[in-house]
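Let's take a walk through a protein together. Keep the picture open while you read, and try to find each residue as it comes up.

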Amino acid sequence: MSHRLIVTALFLVTSTALHAQARRERVDPDIRKGTVTINPFAVFAEFLTGDVEVKVAPAVTVGAGGSFASSEFDGYRALEAKVRYYPAERALQGFSVAATAGFSSGEGTTYDGTTERRTRETFPSVGTELSYQWILGPSSRFVAVTGIGLKRFLGADSNADFFDPVILPTARINIGFAF
């Protein structure tokens, strides 16, 4: 994975967040319509993960999440759609529960009885996630989010190393900006 891409992404997120905190007037966070976040800690492990989320109702957002890892992590890649529900009916803020659906891909070793070979497999995946999100700063542009969840690979079996087990725990500690 290109280190320039990682550094550029980190620069954009942090500079936007710092600019948002430099403003003095207080803006109501409820006016924000969406967020863009990345995990700044995963970058150091040559892993890039992020989310985009847009408010569609007072308690609901829709979005997408993506993860890309270097070959050290079996070239893991995932792209998924997310529907997130905020029980306090303040979409983009506070506790939420999400349903996810998408595709995950990884490299693994398969063995057909005589030969061992490296292959890439892609499977549909479904999951769930519990998160807490804050919109901070005087202009309500800085976003911090933590979350945990589970993802299940549909159709995967134990023949490929990467997809064994077929249930993967997930976690996110993201920062970004609200728009």
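## Starting from a charged pair

Find Lys82 first: this residue makes a salt bridge with Asp51, and their closest N and O atoms are 2.7 Å apart. (A salt bridge here is a side-chain nitrogen of Lys or Arg within 4 Å of a carboxyl oxygen of Asp or Glu.) Side chains of opposite charge can pair when their charged atoms come close. Before going on, note that this is a predicted model, where local features need pLDDT of at least 70 and side-chain atom pairs count only at pLDDT 80 or more, while totals for chains, interfaces and linings use all residues. Residues are numbered from 1 along each chain as its sequence is written, and side-chain values use heavy atoms, with hydrogens and water left out.

Back to our pair. Lys82 sits in strand β4 and Asp51 in strand β2, so the salt bridge ties together parts that are 31 residues apart in sequence. (Strands are DSSP runs of E with at least two residues, helices are runs of H or I with at least four, and both are numbered from the N terminus.) Are these two residues buried or exposed? Both Lys82 and Asp51 are buried. Buried means under 20% relative accessible area, exposed means over 50%, and partly exposed is in between, using a 1.4 Å probe and protein chains only.

Asp51 has another partner: Arg172, with the closest N and O atoms 2.8 Å apart. This pair links distant parts of the chain, with Asp51 in strand β2 and Arg172 in strand β8, 121 residues apart. Asp51 and Arg172 are both buried. Lys82, in turn, also forms a salt bridge with Glu129, the closest N and O atoms being 3.3 Å apart. Here strand β4, which holds Lys82, is linked to strand β6, which holds Glu129, across 47 residues. Glu129 is buried, just as Lys82 is.

Now put the pieces together. Which residues are linked in a network of salt bridges? They are Asp51, Glu53, Lys82, Arg84, Glu129 and Arg172. The whole structure has 8 salt bridges.

## A closed space and an open one

Some of these charged residues turn up again around an empty space. A search of the whole structure finds 1 cavity of 30 Å³ or more, with a volume of about 50 Å³. What do these words mean? On a 1 Å grid over the protein atoms alone, a cavity is a set of points where a 1.4 Å probe fits but cannot get out, while a pocket is an open set with protein on both sides within 12 Å along at least five of seven lines; lining residues have an atom within 4 Å of a point. Grid points are joined across faces, edges and corners, and the volume is the space filled by probe spheres set on the points.

The residues lining the largest cavity include Asp51, Glu53, Lys82, Arg84 and Arg172. Strands β2, β3 and β4 each give two or more residues to this lining. By type, the lining of the largest cavity has 3 nonpolar, 2 polar and 5 charged residues. (Ala, Val, Leu, Ile, Met, Phe, Trp, Tyr, Cys and Pro count as nonpolar, Asp, Glu, Lys and Arg as charged, and the others, Gly among them, as polar.)

Next, the open space. The largest pocket holds about 370 Å³ and is lined by 24 residues, with Thr49, Ser67, Lys151, Thr170 and Ala171 nearest its centre. Which strand gives the most to that lining? β8 does, with 6 residues. The lining of the largest pocket splits into 8 nonpolar, 10 polar and 6 charged residues.

## Rings and a buried glutamine

A pair of aromatic rings is described by the distance of the centres and the angle of the planes. The whole structure has 2 aromatic pairs. Phe47 and Tyr76 are stacked, at 6.4 Å centre to centre and 15 degrees between the planes. (Rings of Phe, Tyr and Trp, taking the six-membered ring of Trp, pair if their centres lie within 6.5 Å; planes under 30 degrees apart count as stacked, over 60 as edge-to-face and the rest as tilted.) Phe47 is in strand β2 and Tyr76 in the loop between β3 and β4, 29 residues apart. Tyr76 counts as buried because its relative accessibility is 6%.

Finally, look at Gln133 in strand β6. Gln133 is buried, at 2% relative accessibility. Leaving out residues up to four places away in sequence, Gln133 touches several residues, including Glu53 and Arg172; contact means heavy atoms within 4.5 Å.
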